[in-house]
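Work through the exercises below with the model open. Try each task before reading its solution.

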Amino acid sequence: MHTFQNSKKIGDAGEAALDLFFKERFQIEDVDMTQQKLGWDRIFTHLESGARASVEYKTDTQSHKTRNIFIETWSNKESGKKGWAYTTTAQWLYYYVLGDSEVYIVDVVQLKLYLNNWQKQFQKKGAKNPNYSSEGLLVPIEIFKSVCYEVIKV
């Protein structure tokens, strides 16, 4: 069973590791609460070009074992709250797979274009939390990698 506190601890550690790794390429800014509600975790400004982009981080501890990426489609099924795959407005998803030490960088608009087909194609998996349940798609890593802009070893 997953708990919010445990997931937050893993996410915070992943965010710190990604910030440390990507600071060579980007000026990295924390976001405010309004931006967090939009699904943003950081704003990246490319050090050479000055281009800015909103980024959502995800840290996954199971994909290296299961060889599937968990794409959350329902955050809270009981309340009808959609998952991050539908609600994020970030421009980029940085999906960090611990164990493989890889970051899958995906254009969020592109990712959302795949969701309908993936809903028909791949298994759904629930995750039970103490007070609610979430659900997502299990997308094989190789399929997910094929839609990535870049895969980086960290």
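**Exercise 1. Place serine 133 in the fold, decide whether it is buried or exposed, and list its contacts.**

Solution. This is a predicted model.

Step 1: find the element. Serine 133 sits in strand β9, which covers residues 133-140.

Step 2: check the accessibility. The relative accessible area of serine 133 is 16%. The cut-off for buried is under 20%. Serine 133 is therefore buried.

Step 3: look for a polar partner. The side chain of serine 133 makes a polar contact with the side chain of glutamate 78, at 2.8 Å.

Step 4: list the neighbours. Leaving out residues up to four places away in sequence, serine 133 touches Ser75, Asn76, Lys77, Glu78, Ala127 and Lys128.

**Exercise 2. Work out the strand order of the open sheet that contains β9, and name its edge strands.**

Solution. Step 1: read the order. The sheet has 4 strands, in the order β5-β4-β9-β8. The pairing is antiparallel.

Step 2: find the edges. β5 (81-82) and β8 each pair on one side only, and these are the edge strands.

Step 3: inspect one edge. β4 (residues 68-76) pairs with β5 over 2 bridges, in the antiparallel sense. Asparagine 76 stands opposite lysine 81 in β5.

Step 4: inspect the other edge. β8 spans residues 124-128 and includes glycine 126. Beyond four places in sequence, glycine 126 touches Ser134 and Glu135. What separates glycine 126 from alanine 90, in sequence and in space? They are 36 residues apart in sequence and 24 Å apart C-alpha to C-alpha.

**Exercise 3. Trace the pairings of β2, and say how much of β2 is buried.**

Solution. Step 1: take β1. Strand β1 (residues 26-30) and β2 run antiparallel and are joined by 5 bridges. Aspartate 30 faces arginine 42 of β2 across the pairing, standing opposite it.

Step 2: take β3. β2 and β3 are also antiparallel, over 4 bridges. Isoleucine 43 has serine 54 in β3 as its bridge partner.

Step 3: look at the turn. β2 and β3 form a hairpin with 5 residues between them. Glycine 50, in the turn, has a positive phi of about 80°.

Step 4: count the buried residues. 4 of the 5 residues of β2 are buried, so the strand is mostly covered.

**Exercise 4. Describe the largest pocket and the second largest pocket by volume, lining and residue class.**

Solution. Step 1: start with the largest pocket. Its volume is about 1800 Å³. It is lined by 47 residues, and the closest to its centre are Ser7, Lys8, Lys58, Glu72 and Trp84. Helix α1 (residues 4-22) gives the most to this lining, with 8 residues.

Step 2: classify that lining. The largest pocket is lined by 12 nonpolar, 21 polar and 14 charged residues.

Step 3: move to the second largest pocket. Its volume is about 250 Å³. Of its 15 lining residues, Phe26, His46, Ala53, Trp92 and Tyr94 are the closest to its centre.

Step 4: assign strands. β2 (42-46), β3 (52-60) and β6 (92-97) each supply at least two residues of this lining. β3 has the largest share, 3 residues.

Step 5: classify this lining too. The second largest pocket has 10 nonpolar, 2 polar and 3 charged lining residues.

Methods:
Residues are numbered from 1 along each chain as its sequence is written. This is a predicted model: local features need pLDDT of at least 70, side-chain atom pairs count only at pLDDT 80 or more; totals for chains, interfaces and linings use all residues. Side-chain values use heavy atoms; hydrogens and water are left out. Buried means under 20% relative accessible area, exposed over 50%, partly exposed in between (1.4 Å probe, protein chains only). A polar contact is a pair of N or O atoms within 3.5 Å; within protein, one must be able to donate a hydrogen and the other to accept it, and residues adjacent in sequence count only if both atoms are side-chain atoms. Contact means heavy atoms within 4.5 Å. On a 1 Å grid over the protein atoms alone, a cavity is a set of points where a 1.4 Å probe fits but cannot get out, and a pocket is an open set with protein on both sides within 12 Å along at least five of seven lines; lining residues have an atom within 4 Å of a point. Grid points are joined across faces, edges and corners, and a volume is the space filled by probe spheres set on the points. Ala, Val, Leu, Ile, Met, Phe, Trp, Tyr, Cys and Pro count as nonpolar, Asp, Glu, Lys and Arg as charged, and the others, Gly among them, as polar. Two strands pair if DSSP finds at least two bridges between them.
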